[in-house]
Amino acid sequence: MGTSLDIKIKRANKVYHAGEMLSGVVVICGKDSVQHQGVSLTVEGTVNLQLSAKSVGVFEAFYNSVKPVQVINSTIEMVKPGKFPSGKTEIPFEFPLHVKGNKVLYETYHGVFVNIQYTLRCDMKRSLLAKDLTKTCEFIVHSARALLPRFLIRGHLNSTNCIITQPLTGELVVESSEAAVRSIELQLVRVETCGCAEGYARDATEIQNIQIADGDVCRSLSVPIYMVFPRLFTCPTLETTNFKVGSYWRRFLVLVLTSPSHPLYCHCFFKISLISTISISHCIIHYL
């Protein structure tokens with residue numbers, strides 16, 4: 001058995017907030033004593049961006065990746081050059097999660113085109129005859145957020161089996177809202193699927209967004225829903241072997257709230273799926 005290097009973070013869930021102290025121990029195990037040239041610990045946070053192939057093409061997206069954005073990068077020396085005894089050695093550490101200047105610790109996120117990652121790396125340098133040891137451990141950063149305002153909306157659609165030449169109708173009622181309502185919008189999203197036996201590609205796109213209420217609407221007042229299907233971008237539900245058009249029509253409410261108590265008077269956006277909040281099924285469009 002050779003020499004091993006490991007990092008153990010104090011918190012089991014590895015979740016920290018900006019300003020907190022990241023703590024734990026570095027564990028070095030070896031059957032014999034270990035000669036080293038120093039042990040260092042580095043905290044690094046980066047935002048990696050990748051261009052979408054849909055926007056710029058496959059080759060351009062591959063070769064023209066955006067330069068990573070460095071959020072935090074700090075290194076401390078844990079142990080000066082020397083020798084570790086045989087067996088198990090634990091070295092405790094504490095690392096403050098502070099950033100310099102106007103930088104912000106963004107929340108950890110792993111996406112397709114955006115990746116926000118925070119890592120803790122321990123390096124133990126050794127002589128030329130022995131290989132350097134490195135251990136990397138990822139931890140998660142959550143940002144502290146104020147409580148979102150609570151609200152309750154009820155409503156219904158008159159029919160989920162729609163005729164393409166007739167409007168989609170219904171109503172909704174804002175029962176309560178802790179913050180003032182700025183706007184209520186109705187969004188129509190279509191899903192197109194195409195492919196073959198080797199695989200299918202599915203894409204959802206917004207084709208229409210209309211405002212059905214402006215300003216802080218009265219509570220318990222019925223707000224009518226009236227949407228005409230844009231004929232150029234809609235068609236009756238169609239399903240074939242190689243493609244599907246309009247198989248699933250999803251309707252969303254976009255509720256925009258204002259927060260006067262916030263110093264910047266920010267706007268809070270909420271996207272509410274009518275499928276879940278009003279318990280309606282998929283909408284099928286057909287001719288009369």
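Are Y118 and F139 buried or exposed? I opened the notebook with this point and found that both Y118 and F139 are buried. I note at the outset that the model is predicted.

**Entry 1: the chain as a whole**

I looked up the overall make-up of the chain and recorded 3 helices and 21 strands. Of its 288 residues, 36% are buried. I then turned to the surface: the chain exposes about 17,500 Å², and carbon and sulfur atoms supply 56% of that area. I also looked up the contacts with a separation of 6 or more, and 68% of them are between residues 24 or more positions apart.

**Entry 2: aromatic rings**

I searched for ring pairs next. A pair of aromatic rings is described by the distance of the centres and the angle of the planes, so I wrote down both values for each pair. The structure holds 2 aromatic pairs. One of them is formed by Y16 and F139, with 6.5 Å centre to centre and 90° between the planes, which is edge-to-face. This pair links distant parts of the chain, since Y16 is in strand β2 (residues 15-16) and F139 is in strand β11 (residues 133-141), 123 residues apart. I checked the cover of these two residues and found both Y16 and F139 buried.

The pair of Y118 and F139 is tilted, with 6.0 Å centre to centre and 40° between the planes. Y118 lies in strand β10 (residues 114-124) and F139 in β11, so this pair ties together parts that are 21 residues apart in sequence. I recorded that ring pairs link Y16, Y118 and F139 into a cluster.

**Entry 3: strand β10 and its partners**

Which strands run antiparallel to β10? I found that 11 bridges join β10 to strand β5 (residues 39-49) in the antiparallel sense. In β5, V39 stands opposite M124 of β10. Strand β9 (residues 109-110) also runs antiparallel to β10, with 2 bridges between them. Here Y109 stands opposite I116 in β10, and a hairpin of 3 residues joins β9 to β10. The pairing of β10 with β11 is antiparallel as well, over 7 bridges. There I noted L120 opposite C137 in β11. As for cover, β10 is mostly covered, with 8 of its 11 residues buried.

**Entry 4: cysteines**

How many disulfides are there? I counted 0 disulfides. I looked up two cysteines, C122 and C218, for their accessibility. C122 counts as buried because its relative accessibility is 0%, which is under the 20% cut-off. C218 counts as exposed because its value of 51% is over the 50% cut-off.

**Entry 5: H36**

Where is H36 placed? I located H36 in strand β4 (residues 34-36). H36 counts as buried because its relative accessibility is 2%. I followed its side chain and found that the side chain of H36 reaches the backbone nitrogen of G38 at 3.0 Å. Leaving out residues up to four places away in sequence, H36 touches V79, K80, P81, G82, K83, F84, M124 and K125. I recognised M124 from Entry 3, where it stands in β10 opposite V39.

**Entry 6: L157**

I ended with L157, which is in strand β12 (residues 151-157). L157 counts as buried because its relative accessibility is 12%. I also looked up its separation from I225: the two residues are 68 residues apart along the chain, and their C-alpha atoms are separated by 7.9 Å.

Technical notes. Residues numbered from 1 in each chain as written. Predicted model: local features only at pLDDT ≥ 70, side-chain atom pairs only at ≥ 80, totals over all residues. Heavy atoms only, no water. Helix = DSSP H or I, 4+ residues; strand = E, 2+ residues; numbered from the N terminus. Buried < 20%, exposed > 50% of the residue type's maximum accessible area, 1.4 Å probe, protein only. Polar contact = N/O pair within 3.5 Å; in protein donor to acceptor, adjacent residues only side chain to side chain. Contact = heavy atoms within 4.5 Å. Areas by Shrake-Rupley, 256 points an atom, 1.4 Å probe, with all protein chains shown as cover. Disulfide = S-S within 2.5 Å. Phe/Tyr/Trp six-rings, centres within 6.5 Å; stacked < 30°, edge-to-face > 60°. Pairing = 2+ DSSP bridges.
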